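Let's work through a few exercises together, one small step at a time. Keep the picture open while you read, and try each task before looking at its solution.

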Amino acid sequence: MRSKLFTTASAGALLAVTVASTAQAEDLTLCWAAWDPANALIELSKDFEAASGHNMSFEFVPWPNFADRMLNELNSGGQLCDLMIGDSQWIGGGAENGHYVKLNDFFDANNITMDDFIPATVTGYAEWPKNTPNYYALPAFGDVVGWTYRKDWFERPELQAEFKEKYGRDLGVPASLEELKDIAEFFQGRDIDGTTVYGAAIYTERGSEGITMGVTNALYNYGFLYENPEKPYDLEGFVNSDGAVAGLEYYKALYDVGTPPGSSNWYMGENIDAYRSGQVAMQMNFAFIWPGVEADENVGGGKSGYFPNPAGPAGQFAQLGGQGISVVSYSEKQDAALEYIQWFAQPEIQAKWWELGGYSALKAVVEDPDFATSQPYAQTFLDSMAIVKDFWAEPAYADLLLSMQERVHNYVVAGDGTAKEALDGLVRDWTEIFEDEGKL
């Protein structure tokens, strides 16, 4: 039996929500990454086509090429995309470079308020400058790094007994990052049903953003800060604090003692494959994968569990993922694109979005009494979205990201130098970038 939330959502969608359209029917192109949620959006958008008369086309690009392809499109003033679901880090460049239409007046005219969305997603996906009421996107897809684990393995009596004898506590969801590392080390090289398995699949990819999206889940929880809270772009002693150094050392230790051989360049896809094929006891990954885990014949159907990124000595945080949806300023069909935004923001559409496998950021959906029990991972999603932090969203984010990718990968995976040297180098890199940007 489906929850009341979903029954109501579907009924509302079937009534073909009216979208006020003063323009002639037009073809709109929406650009996003090629992944499972994009397929759900195609299905959802059929309701918009029926209600508005506009036809939707989609340009989806695989994640490893998504940023290069779409940022080139924006930077060239291209007209391929009328709507862009751009990554959270793009919001600064989208606003300052004039790529995205500012939506404040449109929101006001159509009674769309950012107070109706999860605060972290408004800050992460919509605002520029951060923490100001200037909006260039509507929160579209809430996402966050969390953990998936083989619940069926954890519950085996012989493994529980062995773990309890060795660590003096029960084998279960870890309460801290140190406990997570113990579990990864416990499963490392273990025989499960005749197969050698390993502890955890974590993000190590160097080419785009992978290892940064992974290591921050340790850095934040050990005390890393992007800058002095009292003085923007003041990095020394915050990026490379003692706590940040300890966090980077932790991530390397986790990589060294608890990950599969050959996992030196893994990101979302490789982690999914390792988990579904039974190679690892746990995987770090964005929450978007959880519907697929549940549907998988090997690891779904109660065999898997989910938990938020565990706490460290300085608190409990998780790396924000997800995206906002923006109207591209170079589009000649902005009115029709704005109709899509208006339609997408409606509570009944957002509820159906969750039902289809999208991650709504609308409070009316996630605060519904039935939400937490609507899927096995729903409560973990809520808990995780309450502890998010995000990478820089500065216009120079790509340069900032490349520096971090190189510094962190060289230390964690290649074993070059010390954690302190890596973070000291990152401070130098980022300071130079901000000086070139005129921020210092």
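**Exercise 1: The surroundings of a tryptophan**

Task: Which residues does Trp392 contact, leaving aside its neighbours within four places in sequence?

Solution. Set aside those close neighbours, and the contacts of Trp392 are Gln89, Tyr226, Glu227, Tyr233, Leu235, Tyr397, Leu400, Trp430 and Phe434. Keep in mind that this is a predicted model.

Next, find the residue's place in the chain. Trp392 sits in the loop between strand E12 (388-389) and helix H18 (397-412).

Then ask about its cover. Buried means under 20% relative accessible area. Trp392 has 5% relative accessibility, so it counts as buried.

Finally, look along the chain. Trp392 and Gly93 are 299 residues apart along the chain, yet their C-alpha atoms are separated by 11 Å.

**Exercise 2: Classifying ring pairs**

Task: Decide how the rings of Phe66 and Trp90 are arranged, and then do the same for Trp343 and Phe344.

Solution. Start with the cut-offs: ring centres must lie within 6.5 Å, planes under 30 degrees apart count as stacked, over 60 as edge-to-face and the rest as tilted. By this rule there are 51 aromatic pairs.

For Phe66 and Trp90, the centres are 5.0 Å apart and the angle between the planes is 25°, which makes the pair stacked. Phe66 belongs to helix H3 (residues 63-75), while Trp90 is in the loop between strand E3 (83-87) and helix H4 (91-96), so the pair ties together parts that are 24 residues apart in sequence. Phe66 and Trp90 are both buried.

For Trp343 and Phe344, the ring centres are 6.4 Å apart and the planes meet at 45°, so this pair is tilted. Trp343 and Phe344 are both buried too.

**Exercise 3: A helix and a glycine**

Task: How many of the 11 residues of helix H9 are buried? And is Gly300 buried or exposed?

Solution. Begin with the list for H9: Leu177, Leu180, Lys181, Asp182, Ile183, Ala184, Phe186 and Phe187 are its buried residues. That is eight of the 11 residues in 177-187, so H9 is largely enclosed by the rest of the structure. Just after H9 comes Gly189, with a positive phi of about 75°.

Now turn to Gly300, in the loop between helix H13 (290-295) and strand E9 (304-308). Gly300 has a relative accessible area of 6%, so it is buried. Beyond its neighbours within four places in sequence, Gly300 contacts Val293 and Glu294. From Gly300 to Trp290 the C-alpha distance is 9.4 Å, with their positions 10 residues apart in sequence.

**Exercise 4: The whole protein**

Task: What does the radius of gyration of the protein agree with?

Solution. For 440 residues, a compact globule would have a radius of gyration near 22 Å; the protein has 22 Å, so the two agree. Along the principal axes, the C-alpha trace spans about 70 × 60 × 35 Å.

Now add the overall make-up. The protein holds 19 helices and 12 strands, and 57% of its residues count as buried. Among contacts with a separation of 6 or more, 74% join residues 24 or more positions apart.

Last, consider the surface and the charges. About 17100 Å² is exposed, with carbon and sulfur atoms supplying 47% of it. There are 27 positive and 65 negative side chains, and the centres of these two sets lie 5 Å apart.

Technical notes:
Residues numbered from 1 in each chain as written. Predicted model: local features only at pLDDT ≥ 70, side-chain atom pairs only at ≥ 80, totals over all residues. Heavy atoms only, no water. Helix = DSSP H or I, 4+ residues; strand = E, 2+ residues; numbered from the N terminus. Rg over C-alpha atoms; globule rule 2.2 N^0.38 Å. Buried < 20%, exposed > 50% of the residue type's maximum accessible area, 1.4 Å probe, protein only. Contact = heavy atoms within 4.5 Å. Areas by Shrake-Rupley, 256 points an atom, 1.4 Å probe, with all protein chains shown as cover. Lys, Arg positive; Asp, Glu negative; His and termini not counted. Charge placed at Lys NZ, Arg CZ, Asp CG, Glu CD. Phe/Tyr/Trp six-rings, centres within 6.5 Å; stacked < 30°, edge-to-face > 60°.
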